[in-house]
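Reader: I would like to go through this protein chain step by step. Please keep the answers short and end each one on the thing asked for.

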Amino acid sequence: MPTDKKKFSTWLAAEHGVEIRDMRETNFPLFWKFAKAGAFAKAGKVIFVKNLEKLNEESLCRKLCHELRHIERQRSKGWPLYLASYIFSQKFRRDDEVLAYTRNMEFDFLFGVKDRGPGYYVDQMKKIHFLKSRHIRIARKKLNERSRKIENGAFTWVRDNYKKYLGSK
Ligand SMILES: [Zn+2]
């Protein structure tokens, strides 16, 4: 990633109208202490990131690509309905995470990260998202399919944004 200009993470946040904040700044002090997730999106406006100051640029950008997918859904569905669906429907949560982890895989593909893949992100979903094994199985199948599609160039959000970023200044 180039270092001669505004960081890609800063650009992503500005381009998509979100604020990046440390998770300690949430209204839920216990959350940042116990949250296993590295980041979460709130109300289509803010992305809270755990240990923000310690994260390297690559990890932060990958998290932003993921959380910005949640943000899109939060904006189209409306925040209260999104939140209720996310909490109470395993199917909704599973599918929303599949969409978001697709961004992680697209990011890894674009930047040549080889040590992650669908299996890695399914494990993340198991650890973080409290999904029943049936939903994990479905998520695994979907992420495997999407991984192949990424290799065939079917998902371009990360690439398009990165190109736009490189062209900005
Ligand atoms: Zn997520």
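The questions below go from the whole chain to its sheet, its loops and its helices.

Reader: What kind of model is this, and in what order do the elements of the protein chain run?

Author: This is a predicted model. The protein chain holds eight helices and three strands. Read from the N terminus on, the order of elements is α-β-α-β-β-α-α-α-α-α-α.

Reader: What radius of gyration does the protein chain have, and what would a compact globule have?

Author: The C-alpha atoms fill a box of roughly 45 × 40 × 30 Å along the principal axes. For 169 residues, a compact globule would have a radius of gyration near 15 Å. The value for the protein chain agrees with that, at 16 Å.

Reader: What share of contacts between residues at least 6 apart in sequence joins residues at least 24 apart?

Author: Burial comes as background: 32% of the 169 residues count as buried. Of the contacts in the protein chain between residues at least 6 apart in sequence, the share that joins residues at least 24 apart is 69%.

Reader: Which strands are at the edges of the sheet?

Author: The sheet is open, with three strands and mixed pairing, and its order is E1-E3-E2. The twist from one strand to the next averages 25 degrees. An edge strand here pairs on one side only, and that holds for strand E1 (19-22) and strand E2 (39-42).

Reader: Do E1 and E3 run parallel or antiparallel, and which residue stands opposite Arg21?

Author: Strands of a sheet pair through backbone hydrogen bonds, either parallel or antiparallel. E1 and strand E3 (residues 46-49) are joined by four bridges and run parallel. Within this pair, Ile20 is opposite Ile47 in E3. Arg21 faces a residue of E3 as well, namely Phe48.

Reader: In which sense do E2 and E3 pair, and which residue of E3 stands opposite Phe40?

Author: Four bridges hold E2 and E3 together, in the antiparallel sense. Phe40 is placed opposite a residue of E3, and this residue is Phe48.

Reader: What is the phi of Ala43, and is Ala43 buried or partly exposed?

Author: Most residues other than glycine have a negative phi. Ala43, in the hairpin of E2 and E3 with three residues between the strands, takes a positive phi near 55 degrees. A residue needs 20 or more other C-beta atoms within 10 Å to be buried, and is exposed at 12 or fewer. Ala43 has 14, so Ala43 is partly exposed.

Reader: Where does Asn51 lie, and what is its phi?

Author: Asn51 lies in the loop between E3 and H3. With 13 other C-beta atoms within 10 Å, Asn51 is partly exposed. Asn51 is not a glycine, yet its phi is positive, at about 50 degrees.

Reader: At what angle to E2 does helix H3 run?

Author: Helix H3 covers residues 57-77 and lies across E2 and E3. Its angle to E2 is about 30 degrees.

Reader: Are H5 and H8 roughly parallel or oblique to each other?

Author: The axes of helix H5 (residues 90-110) and helix H8 (residues 157-167) come within 8 Å and cross at roughly 55 degrees. An angle under 35 degrees would count as roughly parallel, and 65 to 115 as roughly perpendicular. The two helices are therefore oblique.

Reader: Which residues of H8 meet H5, and how many nonpolar, polar and charged residues does the contact have?

Author: On the H5 side are Arg103, Glu106, Phe107 and Leu110. They meet Trp157, Val158, Arg159 and Tyr162 in H8. By class, the contact of H5 with H8 has five nonpolar, no polar and three charged residues.

Reader: How far apart in space are Lys142 and Lys91, C-alpha to C-alpha?

Author: Lys142 is in helix H7 (residues 133-151). With 19 other C-beta atoms within 10 Å, Lys142 counts as partly exposed. Lys142 and Lys91 are 51 residues apart along the chain, and their C-alpha atoms are separated by 13 Å.

Reader: Is Arg137 exposed or buried, and how far is Arg137 from Phe109 in space?

Author: Arg137 is found in helix H7. It has 12 C-beta neighbours inside 10 Å and so counts as exposed. Arg137 and Phe109 are 28 residues apart in sequence, and from C-alpha to C-alpha the separation is 23 Å.

How values were computed
Residues are numbered from 1 along each chain as its sequence is written. This is a predicted model: local features need pLDDT of at least 70, side-chain atom pairs count only at pLDDT 80 or more; totals for chains, interfaces and linings use all residues. The radius of gyration is taken over C-alpha atoms; the globule rule is 2.2 Å times the number of residues to the power 0.38. Two residues are in contact if their C-beta atoms, placed from the backbone, lie within 7 Å. Two strands pair if DSSP finds at least two bridges between them. Axes are lines fitted to C-alpha atoms, for helices over the stretch in contact, and angles run from 0 to 180 degrees between N-to-C directions. Angles under 35 degrees count as roughly parallel, over 145 as roughly antiparallel, 65 to 115 as roughly perpendicular and the rest as oblique. Ala, Val, Leu, Ile, Met, Phe, Trp, Tyr, Cys and Pro count as nonpolar, Asp, Glu, Lys and Arg as charged, and the others, Gly among them, as polar.
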